[in-house]
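Reader: Could you take me through this one, beginning with charges on the surface and then moving on to strands and salt bridges?

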Amino acid sequence: MSVAFRRESDDEHMEPKFELPIPPGPNWVTARGLRLTRDKVEALEAIDTAAMEEEAAKKHKRELRYWRTRLATAELRPVADGEAVAFGTRVTYRLNKQEKTVALVGDDEADPHEGRISFSSPLARAMMDAEVGEKVDFAGKVEAIEIVAIEILTEE
């Protein structure tokens with residue numbers, strides 16, 4: 001029988017479900033980031049999936065696998081000394097005549113709207129190891145960023 005005449009199941013037309021992507025590189029975390037990851041795993045583990053619809057349960061289990069993996073691979077970084085821009089510092093910088101402040105944190109803890117960016121972001125990588133008063137290149141511009149202040153992150 002020709003494949004043109006066979007009935008295809010509805011499953012053949014569904015989008016495949018993939019695991020949640022794990023950010024590349026090390027899974028550095030601050031003390032706050034480690035606590036948030038533990039809390040997320042505990043909250044997800046406390047949910048009973050037996051009463052959920054099959055797709056919702058699969059989605060929940062996929063999210064739980066992601067967070068368990070992130071907890072298992074978390075590397076708590078030592079507290080920075082605050083002398084230079086580093087993971088776990090809050091940096092005030094000047095770019096395009098505007099002063100902004102960001103905290104350099106782990107990938108899962110990052111929230112740009114809250115002023116927390118990933119240590120692996122282009123902005124963080126450009127500022128890494130710079131000291132107060134130093135100017136660094138960014139986005140193809142020479143000395144685009146001036147480091148104004150550096151402070152050590154405290155548990156928030």
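Author: Gladly, and please keep in mind that this is a predicted model. Before the charges, one definition is needed: a patch is made of residues with over 30% relative accessible area and no salt bridge, and like charges are joined within 9 Å.

Reader: Okay, which residues gather in a patch of negative charge on the surface?

Author: The negative patch is formed by Asp81, Glu83, Asp129, Glu131 and Glu134.

Reader: Where is Glu134, and is it buried or exposed?

Author: Glu134 sits in the loop that runs between α3 (122–127) and β6 (135–138). Its relative accessibility is 35%, and Glu134 therefore counts as partly exposed.

Reader: And what about Glu131, where is that found?

Author: Glu131 is also placed in the loop between α3 and β6, and with a relative accessible area of 45% Glu131 is partly exposed. If you follow the chain back, Val91 is 40 residues away from Glu131 in sequence, while their C-alpha atoms are 10.0 Å apart in space.

Reader: Val91 brings me to the strands, so which residue stands opposite Val91?

Author: Val91 stands opposite Val102, which belongs to β4. The strands β3 and β4 (residues 98–105) pair in the antiparallel sense, with six bridges between them. They form a hairpin with two residues in between, and Asn96 in that turn has a positive phi of about 55°.

Reader: Which other strand is joined to β3, and by how many bridges?

Author: Strand β7 (residues 141–152) is joined to β3 by seven bridges, and these two strands run antiparallel. Within that pairing, Thr92 is the residue that stands opposite Ala149 of β7.

Reader: Why is β3 described as largely enclosed by the rest of the structure?

Author: Strand β3 spans residues 89–95, and five of its seven residues are buried, so the strand is largely enclosed by the rest of the structure.

Reader: Switching to salt bridges, how many does a search of the whole structure find?

Author: The search finds nine salt bridges in the whole structure. One of them joins the side chains of Lys40 and Glu63, at 3.4 Å from N to O. This pair links distant parts of the chain, since Lys40 is in helix α1 (residues 31–45) and Glu63 in helix α2 (residues 54–73), 23 residues apart.

Reader: Are those two buried or exposed?

Author: Lys40 is partly exposed, with a relative accessible area of 32%, and Glu63 is partly exposed as well, with 26%.

Reader: What does Arg70 pair with?

Author: Arg70 forms a salt bridge with Asp108, and their closest N and O atoms are 2.6 Å apart. Because Asp108 lies in the loop between β4 and β5 (116–118) and Arg70 in helix α2, the pair ties together parts that are 38 residues apart in sequence. Arg70 is buried, at a relative accessible area of 2%, whereas Asp108 counts as partly exposed at 26%.

Reader: Going back to the hairpin strands, which residue forms a salt bridge with Arg94?

Author: That is Glu99, and the closest N and O atoms of Arg94 and Glu99 are 2.8 Å apart. Arg94 counts as partly exposed at 31% relative accessibility, and Glu99 is partly exposed with a relative accessible area of 48%.

Reader: Last one, which residues are linked in a network of salt bridges?

Author: Glu54, Glu55 and Lys58 are the residues linked in such a network.

Note on methods. Residues numbered from 1 in each chain as written. Predicted model: local features only at pLDDT ≥ 70, side-chain atom pairs only at ≥ 80, totals over all residues. Heavy atoms only, no water. Patch = residues over 30% accessible without salt bridge, like charges linked within 9 Å, V, L, I, M, F, W, Y side chains within 5 Å. Areas by Shrake-Rupley, 256 points an atom, 1.4 Å probe, with all protein chains shown as cover. Salt bridge = Lys/Arg side-chain N within 4 Å of Asp/Glu carboxyl O. Lys, Arg positive; Asp, Glu negative; His and termini not counted. Charge placed at Lys NZ, Arg CZ, Asp CG, Glu CD. Helix = DSSP H or I, 4+ residues; strand = E, 2+ residues; numbered from the N terminus. Buried < 20%, exposed > 50% of the residue type's maximum accessible area, 1.4 Å probe, protein only. Pairing = 2+ DSSP bridges.
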